[in-house]
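Thanks for coming. I will go through one structure today, sheets and helices to begin with, then cores and cysteines. Please have the viewer open.

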Amino acid sequence: MQYIIGIDIGTTHTKAIQVTTAGNVLQDEKAGYPTLQPSPGYSEQDPDEIFRAVQYVLNIVLQKIPDKHNIAGISFSSAMHGIMAIDFQARPLTAMLTWADTRSTTYAAVLKKTKQAQEIAAETGTPIHPMSPLCKIAWIKNELPSIFEQTFKFISVKEYIFYQLFGVFVVDYSIASATGLFDIHQLSWNSKAMQFAGISLDHLSRPVSPLHRETALKESFKDQFGFTTSVPFVIGSSDGCLAILGSGVTRPDEAALTIGTSAAVRKINDQPINDLHGRLFNYLLMEKWYVSGGASNNGGNVLKWFSESLLDQPFASEQAFQAFIQSAFNAPAGSGGLVFLPYIHGERAPVWDAEAKGIYIGISSTQTKHHFMRAVLEGICFSLSQVVKALEENGTTVDTIYASGGFIQSDKWVQMLSDILNKRVVISHAADASAMGAVFMALYALGLIKEWNEVKNMVVTSAVFQPDQNASRSYLHNYRIFENLYDTWKDSKISISHTAE
């Protein structure tokens, strides 16, 4: 029997799974690490701590595999939009700035006002936003000039790990396509974006296919992992794109939806979706396979904020999550007319405004904390519904949603999502979707599967939720209010600003 090990380097933890080539998950391990937020706008991680987590989970999984010669390959998924500076000895000059770091907000705003902004967004597939390494590098160049001068390369955490293991600087097309610096049509670094960031090709790694393999593992790691033969390491893709594949989404009428710390809706296309309103991203899963959709800054982290900041209750366990859901569903659908815009961490899709704020509207004396809590859940679903709507307004069809992430622990929340979207929602509990996607990528790279549709036979459906039409209609009034809340807030903000001037 042969095995694939899939490793997902996420925002909160790294997870490794051992899977047979038939798709059966045999074991999984994970190791967490903190995100440091010493000041507003900061979101940093220690790349060496992440690398230690990767080594730890891989070692634990390998220790339980007596027949290591049957390991067909090891494949990687990792979070998008992270960037760090390293010197000529590959030593970190900065921490890893995650997708949530918004210190480059001013530079994103400046770029948005330029003539080339729309061209860069169309050519790279990445909306102009402080999440992107493009804007983060511009911030480092201008705000940390001494560090910029010492920088040899700007790299993601996966690039850092591959350098540690193999001594080469390579980046897969998928991770590159989420930087705002990579031309998704030409599969090369974009000159306009590099010019804005103030960097050259020498500052960036060599782009390679997500099917790319490295086999020349450093001797010290061969000894550590107990390898006596050469094991191919498949570079893989990004976590968001692989979550689609890992969920079993391969058809054009399907989409993947995740609600974890943040949230996202994504679907696969054979060409980018050029939304005239700039609501959607277009990243690469691999060559000529585009992942279009939108990610939200606000998912499970909003529940955590409400619980800890407003209820003064810790939110760090399964019990806390279930208690929140139970309390929220003490209120009826529609939350008694209460509507919540969940932009408490700024927002990405569909508005791409790092300075956006949250809003409650429709407050009355008859409402309780349960109504406010339910409105949080409904608001997160409304936000994702806007992304689905943006996809469908651009000529694509979404009939079935494949859901993953922590929210699938609650049948009630998943049913709410199905009702609000008025879509069929499919759940699989086979494994972490991104890690499973990395496994499928390895199977394809190694020739163990020939067609992507074969992954559907490896994804076991554990539940299917059908929308309740009466419930769907009950949400329409609040959703129509929700759709206008951001524009109302933005217009009010501009009006107040002008009055102050």
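A definition before the tour: axes here are lines fitted to C-alpha atoms, for helices over the stretch in contact, and angles run from 0 to 180 degrees between N-to-C directions. Also keep in mind that this is a predicted model.

With that convention, take helix α13. It lies across β15, β16 (263-269) and β18 (289-296), and its direction makes about 20° with that of β16. Those three strands belong to an open sheet of seven, ordered β17-β18-β16-β15-β21-β22-β23, with mixed pairing. At the edges are β17 and β23 (461-465), each paired on one side only. From one strand to the next, the twist averages 30°.

Inside that sheet, how do β15 and β21 run relative to each other, parallel or antiparallel? They run parallel: five bridges join β15, residues 254-259, to β21, residues 400-404. If you want a register to check, Thr 258 is opposite Ser 404 in β21.

Next, the other sheet I want to show. This one is also open, with six strands in the order β3-β2-β1-β5-β14-β13, and its pairing is mixed. Its edge strands are β3 (25-32) and β13 (213-214); each has a single partner strand, so one side of each has no neighbour in the sheet. Strands β5 (residues 71-78) and β14 (residues 233-238) are parallel and joined by four bridges. There, Ser 77 faces Ser 237 of β14.

Two helices go with this sheet. Helix α6, residues 157-166, lies across β1 (3-9), β5, β13 and β14, and runs at about 175° to β14. Helix α10, residues 239-247, packs on the sheet too, touching β1, β5 and β14, but at about 100° to β14.

Now the cores. In soluble globular proteins, nonpolar side chains tend to be buried together. Here the largest nonpolar core has 98 residues, and those with the most contacts inside it are Leu 257, Leu 303, Leu 377, Phe 407 and Trp 413. Which helix gives the most to this core? It is α13, residues 369-393, with 13 residues. There is a second, separate core of 40 residues, among them Ile 50, Ile 65, Ile 74 and Ala 90.

Going back to Phe 407, and setting aside neighbours within four places in sequence, its contacts are Leu 257, Ile 259, Phe 321, Trp 413, Val 414 and Leu 417.

A shorter helix next: α3, residues 117-124. Its buried residues are Ala 117, Ile 120 and Thr 124. Looking down the axis of α3, they fall within an arc of 65°, so they line one face of the helix. Their cover includes α2 (105-112), α4 (133-143), α7 (173-177), β10 (182-183), α8 (191-197) and β17 (281-286). After α3 comes Gly 125, with a positive phi near 80°.

Last, cysteines. How many disulfides does a search of the whole structure find? Zero. Take Cys 241: the nearest cysteine sulfur is that of Cys 135, 19 Å away. The cut-off for a disulfide is 2.5 Å between sulfurs, so Cys 241 is in none. Buried means under 20% relative accessible area, so Cys 241, at 1%, counts as buried. Cys 381 is buried as well, with a relative accessible area of 0%.

That is the tour.

Key. Residues are numbered from 1 along each chain as its sequence is written. This is a predicted model: local features need pLDDT of at least 70, side-chain atom pairs count only at pLDDT 80 or more; totals for chains, interfaces and linings use all residues. Side-chain values use heavy atoms; hydrogens and water are left out. Buried means under 20% relative accessible area, exposed over 50%, partly exposed in between (1.4 Å probe, protein chains only). The arc is that of the directions from the helix axis to the C-beta atoms. Contact means heavy atoms within 4.5 Å. A nonpolar core is a set of buried Ala, Val, Leu, Ile, Met, Phe, Trp, Tyr and Cys residues joined through side-chain atoms within 4.5 Å. Two strands pair if DSSP finds at least two bridges between them.
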